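Please look over the chain below before reading on. The report that follows moves from the whole chain to a few of its residues.

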Amino acid sequence: MTPEAVAAVFREEAARLGFHRIGFAPVEPWERHAHYRAWVAAGYAGEMEYLVTGAEERRDVRALFEGARTVVTVALSYAHEESPRPPDSLVRGRMARYARGADYHMVLKGRLTKLAEAVGARLGRPLGYRACVDTAPVLEHEAAQAGGLGFIAKNSLLIAPGLGSYVLLGELLIDLEATPGTQEAPRCGHCRACLDACPTGAFVDAYVLDARRCISYLTIERRGPIPRALRPLIGDWVFGCDICQEVCPFNAGSGAQHGGDPALRPAYADRAHPPLVQLLEMGAARYRKYVARTALRRISRAQLLRNVAVALGNVGGPAEVAALVRAFDREQAQPLVRAHLAWALGRVAVRHGYAPARAALAERLVGERDVEVREELALALAESEAAMSSGPPATPSR
C-alpha cells in the first residue's frame, strides 16, 4: 500500500475513534533535540530526572521501536465548557482541566491500540507499532508539529488551530511509511499574553520554560517542600495550572471551549473548584477513591495535602483555622504536610491579624520535634508577630 493510502486509512479510522487531529512525520532525528539538551543542561527540568536520563533516547524514536518508519501523532481535545465556581461560602481551590476527568493515559493508550489494530485489519496484516503517551521518551510536541497538527507556542505547548492548546497528544510509532503532514508556521506573532500572565515568572523567554517555577511542576512533579518565596504566587491551584492557556487567544473560540472528548468530561461537579477543607480532611481511603482512574494519581496524598495547605494559606481565613490545626495534629507522620500547614496558619495570622492562628503556632512549636517543621513554625510565628506589631491587617477578617 502506498504512503498516501496508509495515511488515508489512518485518517478514516482516527475519525471513527473520535480523535480530533492526526498527523504523520517521517522517522529521523529531531532537529530541535539540541535545544532540548540545552534546556536540560540549564537545569530547567528540576527534579524530573526521567527527562535527564532519557534525553538521548528522545533524539530518535528508533531507540524505542527499531523498525519505526513513521510517527503518527493524534490529538484529543479536553476543552469542555468551564465549570462556574459554586455560589457558596466554601473556600475552594482549582484543578487543571485535564485532571478533572478520566486519566488521559488510559483513554489515549486504549484508543491508540484500537487505532493500530483497526488499521492493521484494513491493511490485511498485523501492524508493527508501539503506542506512546507522555510517559514514553518522545519529543511529542516536536512530533505533533512535524506531523502538521499545529505549532509550538511561546508557552511551549502545542496549539492546534481550531482546537487551541487544550489537547492531549499520543503517538504510534509504526513500521510503514505514511505521507508526511505539512508543518504549521508559528502564529503567536508579537503576542506574549502567556508569558506575562504567569504568576511565578516561569518563562525565561519565549519558548523557554523553567519548570522549577511552574505551578504545574510545583504541585505535581516536586516531591518535597515548595519554596517559600513561590507559595504565595501559587494562589488556589492544588493540581496543575491553566493560566498560560486561559489567556491564549487561540483558546477563545467556541470550538476550543466546547469540543472536548466525552471520555475526558469532568467526573464530578466539584473537580474544577474542590472545597479545600474537604480535601484537607481526606484520609487515606478517601484519597484512594478520589484519585482512582484519574491523573490525580500522579501525586501522593502527602503532596495533595501540601498543595491544599498552600492554597488555604493564600485564600483561607479565620474560618479555616480550626481545620488547619486539626490537620496539623493529625498528620504526625507527615512532616511535609505539617510544615506547609504551619506556613498556612502563619499566612492567615498575617493577612487577617487572627490571634488564634498565632496562638496555635506558638503552642505547637513548644512540642515539635521535627527540625523542618519547627523551622516553619518559628518563621510563621515570627512573621505573624511582626505583622501584628506593624499595624492592622490589610485584609479584614471574614
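Accessible areas here come from the Shrake-Rupley method with a 1.4 Å probe, and for residues only the protein chains shown count as cover. By that method the accessible surface of the chain comes to about 17100 Å², of which 54% belongs to carbon and sulfur atoms. This is a predicted model, in which local features need pLDDT of at least 70 and side-chain atom pairs count only at pLDDT 80 or more, while totals for chains, interfaces and linings use all residues. Residues are numbered from 1 along each chain as its sequence is written, and side-chain values use heavy atoms, with hydrogens and water left out.

**The chain as a whole**

Helices (H or I, at least four residues) and strands (E, at least two) are DSSP runs numbered from the N terminus, and the chain has 17 helices and ten strands. The radius of gyration, taken over C-alpha atoms, is 23 Å, close to the 21 Å that the globule rule (2.2 Å times the number of residues to the power 0.38) gives for 398 residues, so the chain is as compact as a globular protein of that length. Along its principal axes, the C-alpha trace spans about 80 × 40 × 40 Å.

A residue is called buried under 20% relative accessible area, exposed over 50%, and partly exposed in between (1.4 Å probe, protein chains only); buried residues make up 53% of the 398 residues. If contact means heavy atoms within 4.5 Å, then residues 24 or more positions apart account for 77% of the contacts with a separation of 6 or more. Lys and Arg count as positive and Asp and Glu as negative, with His and the chain ends not counted, and each charge is placed at NZ of Lys, CZ of Arg, CG of Asp or CD of Glu. On this basis the mean positions of the 49 positive and 44 negative charges are 4 Å apart.

**Two buried residues**

Glutamate 368 sits in the loop between helix 16 (355-367) and helix 17 (371-390), and it counts as buried because its relative accessibility is 10%. Its side chain is joined to that of arginine 338 by a polar contact of 2.4 Å. A polar contact is a pair of N or O atoms within 3.5 Å; within protein, one must be able to donate a hydrogen and the other to accept it, and residues adjacent in sequence count only if both atoms are side-chain atoms. Leaving aside residues up to four places away in sequence, glutamate 368 touches Phe328, Arg338, Val373, Arg374 and Leu377.

Isoleucine 152 belongs to strand 5 (residues 151-152) and is likewise buried, at 13% relative accessibility. Not counting residues up to four places away in sequence, isoleucine 152 touches His141, Glu142, Gln145, Leu157, Leu158 and Tyr207.

**Three loop residues**

Serine 156 has a positive phi of about 75° although it is not a glycine, and arginine 293, also not a glycine, has a positive phi of about 60°. The table sets out where these two residues and alanine 229 lie.

| Residue | Loop between | Relative accessibility |
|---|---|---|
| Serine 156 | strand 5 and strand 6 (158-159) | 23%, partly exposed |
| Alanine 229 | helix 7 (215-221) and helix 8 (231-234) | 64%, exposed |
| Arginine 293 | helix 12 (284-291) and helix 13 (301-315) | 56%, exposed |

**Distances across the chain**

The C-alpha atoms of alanine 229 and histidine 33, which are 196 residues apart along the chain, are separated by 33 Å. For isoleucine 152 and valine 325, 173 residues apart along the chain, the C-alpha separation is 45 Å.
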